[in-house]
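Visitor: Please take a close look at the packing inside this model, with the cut-offs stated as you go.

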Amino acid sequence: MTLKSLINVALFFIVCSVSAQNMQEGFTYLETGKYKQAETFFNIILKDFPNNKTARLCYGRAIGLNGQPEAAYTLFTDLLADYPNDFEVKLNYGESLLWNSNFTDAKVYYQGLVNEDPTSFAALLGFANTLSNLKEYEAALTMVNNALEVSPGNPNALVSKKYIYLGYAYQNQQAQNYDKAELLLTKNLELYGDDKDTLLNLANLYLIWNQLESAKTMYNRLAEQPEHKILALNGLALVEHLNSKEKQALSISTEAFNSLNKDTDKAITKQTTERYAQALIWNKKYKAATNLIDTLITEHPNENWVLALRATLNIYKSNFKESLSDYNSILANDSTSFDGNLGKANVLKALGHYDDAYTSAENTLKFYDNQKDAVNFINKLDINFAPVLESNASHTFDNGDNKAFAFSNTVEYPLSTKFKLLGNYNYRTTNNTVTDISATSSNLSLGLGYQLLPNITFKGTAGMTSAKVESTDYTQLLADLSFHIKSFKLQTLDIGYKRQIESFNAELLDRELVQNNYYANYNLSTNFNLGWFTQLMHTSQNDGNKRNLLFTSLYYNLLPKPALKVGVNYQHITFKDQVPTIYFSPEKFNVYEVFMNVIKNEDSAKPNTWFYNVTAAYGYQFIEDDAKQTTYRFQGAFGYKFSERSLLNVYGTHSNIASATAAGFTFTEVGLRFKWQFLNKAGFRK
């Protein structure tokens with residue numbers, strides 16, 4: 001070899017050595033995540049050495065990890081063409097498929113790499129991450145475990161395994177396989193200790209599963225980590241709210257909110273502020289909530305999370321139109337917003353736009369497949385419009401020796417969200433054990449209900465009653481027409497006409513006493529727990545007599561769950577003619593009473609739970625100018641909800657108020673009621 005050749009060889013090795021040494025700086029940039037600096041560094045190298053494989057690889061990684069995945073894919077495609085058998089190039093090409101979210105092609109490619117070298121850690125981990133992105137979690141777990149066998153304890157593989165478990169658990173949660181999801185998340189806790197992400201996912205699972213105490217346990221475990229305490233407090237506040245312990249929820253949320261400072265992570269600050277505003281709303285502290293939300297609107301104009309808070313506040317205050325405007329603004333910002341779509345569905349339902357409410361809820365499911373809240377919302381709407389049969393059997397008696405047995409069936413069959421068919425059949429037999437007079441009556445009515453406007457609903461039925469009594473048999477026309485009007489915010493008005501036969505006892509049935517009742521019911525609710533109900537009724541009878549009735553009730557809601565309210569009632573009745581030997585008909589009659597009512601509503605009761613409604617009242621009645629008399633009234637219902645479609649309850653009433661019966665006697669009724677939704681959803685729903 002000539003001297004010149006030796007010098008050239010020496011220079012080559014010197015250049016390579018210098019290049020490798022100089023590239024160490026770029027390697028460090030890549031290892032420490034400084035991808036922009038790495039991109040600049042290797043770009044300079046490639047200007048001097050455009051064919052340097054290592055520099056091309058490193059430059060491709062730098063741009064791929066710095067937000068240019070398509071350019072990286074092109075670069076690695078070219079590298080693969082130049083070095084088709086280079087395994088390192090193949091690995092980087094495979095990774096570029098992941099950066100471009102081309103998971104289907106990546107799956108096929110990584111399968112080939114693993115077949116080529118089953119002991120390649122990079123190939124096994126890349127394949128595991130690919131399968132995880134495709135939600136093929138069982139296979140992903142197998143691959144990541146194989147990677148950990150090749151490189152035990154490798155931190156990158158352990159991180160991948162954690163997120164594979166989290167993804168697999170979430171997949172099962174969405175499919176409502178809650179036991180399997182819990183098992184996977186518990187396994188994650190065994191592997192990674194009290195990992196924040198796993199504790200939060202497990203707590204969320206328990207919330208959805210309605211295992212609130214278990215969720216509370218998870219949040220308390222998270223709270224033991226000082227850096228995550230605020231997150232834990234936000235979760236604990238939500239648990240207390242779901243347990244209907246609103247004061248505790250506000251106390252916890254206030255602690256979290258007061259813990260915020262300028263160094264707190266922005267995402268946590270947002271979540272905590274949001275929870276605090278919600279807690280104020282849950283506790284009906286509307287002024288404080290309004291002030292906070294107004295400040296947030298100023299600081300974060302038109303941001304969806306703040307608009308959602310204002311929409312929620314307006315729902316609680318029954319300002320549904322204002323709430324709808326906010327939800328529309330949210331959807332204008334982001335048509336896929338969960339809060340926007342499902343929140344809008346709830347408001348549309350409250351406003352009586354049921355078809356639009358269905359559409360909005362179904363839009364939610366387009367973006368959030370099988371989301372539980374959206375599914376439940378649609379199911380509840382379906383229940384509202386599903387055909388229902390209600391049966392009652394009752395026994396009535398009083399201290400005037402009158403006894404009666406009655407049986408009735410009522411059917412509602414909706415044909416759309418606006419229109420439904422109505423039917424009723426009632427059979428009653430009554431007798432007096434002293435006079436030995438007996439009678440029976442059968443009523444059959446058919447009709448319809450129609451939503452004329454979102455805030456006005458009409459109901460009308462017409463039918464016949466057939467009575468068999470001591471002196472004669474007869475038939476009479478029955479009618480019941482009414483309009484239910486949501487007149488203003490928190491106010492409803494019912495106006496109607498009802499034609500009926502007085503059938504309380506056999507003697508009255510024998511007189512064929514027809515009553516034409518014209519009535520109006522007005523109910524006012526407030527945002528400060530006070531309520532007022534008033535009924536006015538004018539009755540004209542075919543015996544020429546007329547009756548006027550006023551009933552009014554002022555009440556206060558003490559507790560929300562179970563609902564507890566106390567109040568005062570006043571009743572005033574006058575009759576044009578007094579015929580006391582035939583029926584109770586004083587010239588003037590007044591009742592004053594105080595009452596207490598506790599209720600766990602059947603509509604809000606969950607399947608396989610009990611519900612109840614108990615009222616006790618005490619007061620005085622004044623008949624004509626007679627001395628006052630003590631009155632009492634007890635009413636109750638106690639039942640069990642077998643499912644969303646069926647329930648059974650017993651009920652009873654006992655009262656000595658003279659107006660409780662047409663004869664003015666102390667009155668008792670006991671009965672059994674069965675309600676059955678005989679189709680699992682609305683008949684008109686496909």
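Guide: What follows covers the nonpolar cores, a helix pair and a buried strand residue.

This is a predicted model, in which local features need pLDDT of at least 70 and side-chain atom pairs count only at pLDDT 80 or more, while totals for chains, interfaces and linings use all residues. Residues are numbered from 1 along each chain as its sequence is written, and side-chain values use heavy atoms, with hydrogens and water left out.

The largest nonpolar core has 98 residues, and Phe42 and Phe76 touch the most other members. Such a core is a set of buried Ala, Val, Leu, Ile, Met, Phe, Trp, Tyr and Cys residues joined through side-chain atoms within 4.5 Å; buried means under 20% relative accessible area, exposed over 50% and partly exposed in between, with a 1.4 Å probe and protein chains only. Helix α13 (residues 229-242) supplies the largest share of this core, 8 residues. Helices are DSSP runs of H or I with at least four residues, strands are runs of E with at least two, and both are numbered from the N terminus. A second, separate core of 21 residues includes Ala311, Tyr327, Leu351 and Leu381.

Leaving aside neighbours within four places in sequence, Phe76 is in contact (heavy atoms within 4.5 Å) with Leu57, Gly60, Arg61, Asn92, Tyr93, Ser96 and Trp99. Of these partners, Ser96 lies in helix α5 (residues 87-99) and is buried, with a relative accessible area of 0%. Not counting residues up to four places away in sequence, Ser96 touches Tyr73 and Phe76.

Turning to the helix pair, the axes of α8 (residues 137-150) and α9 (residues 155-174) come within 10 Å and cross at roughly 165 degrees. Axes are lines fitted to C-alpha atoms, for helices over the stretch in contact, and angles run from 0 to 180 degrees between N-to-C directions. The two helices are therefore roughly antiparallel to each other, a label for angles over 145 degrees. Residues making the contact include Leu141, Val144 and Leu148 of α8 and Leu158, Ile164 and Tyr168 of α9.

Finally, Asn402 lies in strand β2 (residues 402-414) and is buried, with a relative accessible area of 6%. Leaving aside its neighbours within four places in sequence, Asn402 contacts Thr396, Phe397, Asn431, Asn432, Phe504, Asn505 and Phe665. Asn402 and Val306 are 96 residues apart in sequence and 64 Å apart in space, C-alpha to C-alpha.

How values were computed:
Angles under 35 degrees count as roughly parallel, over 145 as roughly antiparallel, 65 to 115 as roughly perpendicular and the rest as oblique.
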